[in-house]
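The following exercises train the reading of a protein structure, step by step. Please study the sequence and the structure shown here before attempting each task.

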Amino acid sequence: MPAVFPTLYTHPCITKREAPVVAAADLPYPCSLVFNAGVIKHRGEYVMVFRNDYGTDRRAYETENKRFSGTGVGVARSKNGIDGWRFDPVPLIDSNDPGKDPEMRRLYDPRIIAIEGRLYLCLAMDTRHGIRGCIAELSDDLTQYRIISASVPENRNMVLFPEKIGGEFVRLERPMPVYSRGRDRFDVWLSRSPDLQYWGRSELVLGVEDVPWANDKIGPTAAPIKTDRGWLTLFHAVDRDENRTKNGWEPKWTKRYTAGLMLLDLNDPAKVLSVYKEPLIAPDLPIETDEGFRENVIFPCGMLLEETGEVKIYYGASDTCVCLATADVNDLLGLL
Ligand code: BMA
């Protein structure tokens with residue numbers, strides 16, 4: 001396994017807000033951890049979809065081995081995308097829903113994308129027979145969802161481009177080929193579809209070996225942003241160090257999650273134009289390194305370009321809360 005870099009830094013063009021934008025105590029229903037949120041602007045406000053794990057707390061987890069009893073996806077709305085979040089009274093998705101498909105265990109890590117005025121969620125779905133990457137149609141008021149596509153296992157971290165490219169829908173995804181490459185050597189792939197249901201013409205986009213600070217796996221994060229130079233695209237990158245022991249609630253957590261940046265060709269997004277060779281965002285605030293469930297994890301699921309040129313990046317910190325980082329789009333492009 002390649003060497004582990006002892007310290008990784010967030011690039012200075014990134015500004016992190018020190019306080020989370022959403023934390024567990026903010027929710028109107030049971031919540032232990034709220035994280036990995038996708039955000040878009042919709043009908044004049046910011047709409048967030050987030051992952052919510054519930055049913056335990058740190059003390060019960062550590063002393064009684066009490067695990068989470070459920071996972072859900074919730075919705076919140078805000079006028080400025082920073083504070084004043086108003087939560088829908090019930091989760092959109094709940095793994096304890098009695099009416100759910102018995103095959104399905106949970107849906108999580110939502111990304112929300114608007115394409116041609118319609119809303120879609122990309123989700124990971126754990127089933128009794130493996131992890132499936134899902135695409136769901138979302139009602140305009142975000143109170144109903146309907147799964148329209150689910151991959152064969154094992155696939156996760158799916159995200160749609162926000163428009164058709166060459167007349168086709170396009171998604172980034174992260175299959176998990178455990179037999180061919182040993183454990184956790186996973187990469188970013190791309191597939192195309194005429195109708196969001198049938199997916200094919202798949203191509204490798206970025207291999208884990210192309211990311212110098214990742215010795216474990218990489219995967220897509222938020223929907224790419226269209227710029228004149230190409231699709232500005234984040235990815236998550238993981239390095240593993242077996243010498244890391246207790247860090248967070250679990251007896252042993254050996255991984256660190258960071259975010260990297262790349263530029264994909266506008267017309268052929270399977271073509272990587274440039275990859276920034278260092279992390280863009282690394283865990284370094286106390287909430288990211290010392291205070292959460294799984295520390296040393298930052299996991300973006302949302303990225304927005306404002307008219308001012310500000311890019312807002314929403315990310316889960318330590319699988320515990322939702323945080324916000326900002327940067328100027330020209331500074332990001334300057335890295336590529
Ligand atoms: C991934 C997903 C994410 C999570 C990350 C770190 O595999 O499950 O939801 O943030 O691990 O625990």
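Strands are DSSP runs of at least two residues, numbered from the N terminus. The model examined here is predicted.

**Exercise 1. Backbone geometry**

Task: Determine where E154 is placed, and state which form the peptide bond from P153 to E154 takes.

Solution.
Step 1. E154 belongs to the loop that links β10 (145–150) with β11.
Step 2. The bond from P153 to E154 has an omega near -5 degrees and is cis.
Step 3. As a general background, most peptide bonds are trans, and most residues other than glycine have a negative phi.

Task: For L142 and R201, give the phi angle and decide whether each residue is buried or exposed.

Solution.
Step 1. L142 is not a glycine, yet its phi is positive, at about 60 degrees. R201 is likewise not a glycine and has a positive phi of about 45 degrees.
Step 2. L142 sits in the loop between β9 (130–138) and β10, whereas R201 is part of strand β14.
Step 3. The cut-offs needed are under 20% relative accessible area for buried and over 50% for exposed. L142 counts as buried because its relative accessibility is 1%. R201 counts as exposed because its value is 53%.

**Exercise 2. The surroundings of the ligand**

Task: Name the residues that surround the ligand and sort this shell by class.

Solution.
Step 1. The shell consists of N36, R51, D109, R156, W253, Y257, R294, F299 and D319.
Step 2. By class, the shell holds five charged residues, three nonpolar residues and one polar residue.

Task: State how many Å separate a polar side-chain atom of N36 from an oxygen atom of the ligand, and give the corresponding values for R51 and Y257.

Solution.
Step 1. For N36, a polar side-chain atom is 3.0 Å from a ligand oxygen atom.
Step 2. For R51, the distance between a polar side-chain atom and an oxygen atom of the ligand is 2.6 Å.
Step 3. For Y257, an N or O atom of the side chain lies 3.1 Å from an oxygen atom of the ligand.
Step 4. On its own, the ligand has 300 Å² of accessible area, and the protein covers 93% of it.

**Exercise 3. Nonpolar cores**

Task: Describe the largest nonpolar core and identify the residues with the most contacts inside it.

Solution.
Step 1. This core comprises 35 residues, and L160 and L206 have the most contacts inside it.
Step 2. The elements that give two or more residues to this core include β7 (104–115), β8 (118–127), β14 (200–206) and β18 (255–264).
Step 3. Beyond four places in sequence, L206 touches D187, V188, V211, I218, F235, M262 and V275.
Step 4. Another core lies apart from the largest one; it has 29 residues, including L280, L285, Y315 and C323.
Step 5. In soluble globular proteins, nonpolar side chains tend to be buried together.

**Exercise 4. A buried lysine**

Task: Locate K16, and find which side chains make polar contacts with its side chain.

Solution.
Step 1. K16 lies in strand β1 (residues 15–16).
Step 2. K16 counts as buried because its relative accessibility is 15%.
Step 3. The K16 side chain makes a polar contact of 2.6 Å with the side chain of D284 and another of 2.7 Å with the side chain of E288.
Step 4. Leaving out residues up to four places away in sequence, the residues that K16 touches include I281, P283, L285, Y315 and L324.

**Exercise 5. Buried residues in three strands**

Task: For A259, I40 and T326, state the strand and explain why each residue counts as buried.

Solution.
Step 1. A259 is in strand β18, I40 is in strand β2 (residues 33–42), and T326 is in strand β22 (residues 321–328).
Step 2. A259 counts as buried because its relative accessibility is 0%. I40 is buried because its value is 10%, and T326 is buried because its value is 17%.
Step 3. Not counting neighbours within four places in sequence, A259 contacts residues including W213, F235, L280 and I298. Under the corresponding exclusion, I40 touches V47, I112 and L304, among others, while T326 contacts C13, I14, T15, E310, V311 and K312.

Task: Give the C-alpha separations of I40 from G81 and of A259 from Q197.

Solution.
Step 1. I40 and G81 are 41 residues apart along the chain, and their C-alpha atoms are separated by 9.0 Å.
Step 2. A259 and Q197 are 62 residues apart in sequence, with 29 Å between their C-alpha atoms.

Note on methods. Residues numbered from 1 in each chain as written. Predicted model: local features only at pLDDT ≥ 70, side-chain atom pairs only at ≥ 80, totals over all residues. Heavy atoms only, no water. Near = heavy atom within 4 Å. Polar contact = N/O pair within 3.5 Å; in protein donor to acceptor, adjacent residues only side chain to side chain. Areas by Shrake-Rupley, 256 points an atom, 1.4 Å probe, with all protein chains shown as cover. Nonpolar A, V, L, I, M, F, W, Y, C, P; charged D, E, K, R; others polar. Helix = DSSP H or I, 4+ residues; strand = E, 2+ residues; numbered from the N terminus. Buried < 20%, exposed > 50% of the residue type's maximum accessible area, 1.4 Å probe, protein only. Contact = heavy atoms within 4.5 Å. Core = buried A, V, L, I, M, F, W, Y, C linked by side-chain atoms within 4.5 Å.
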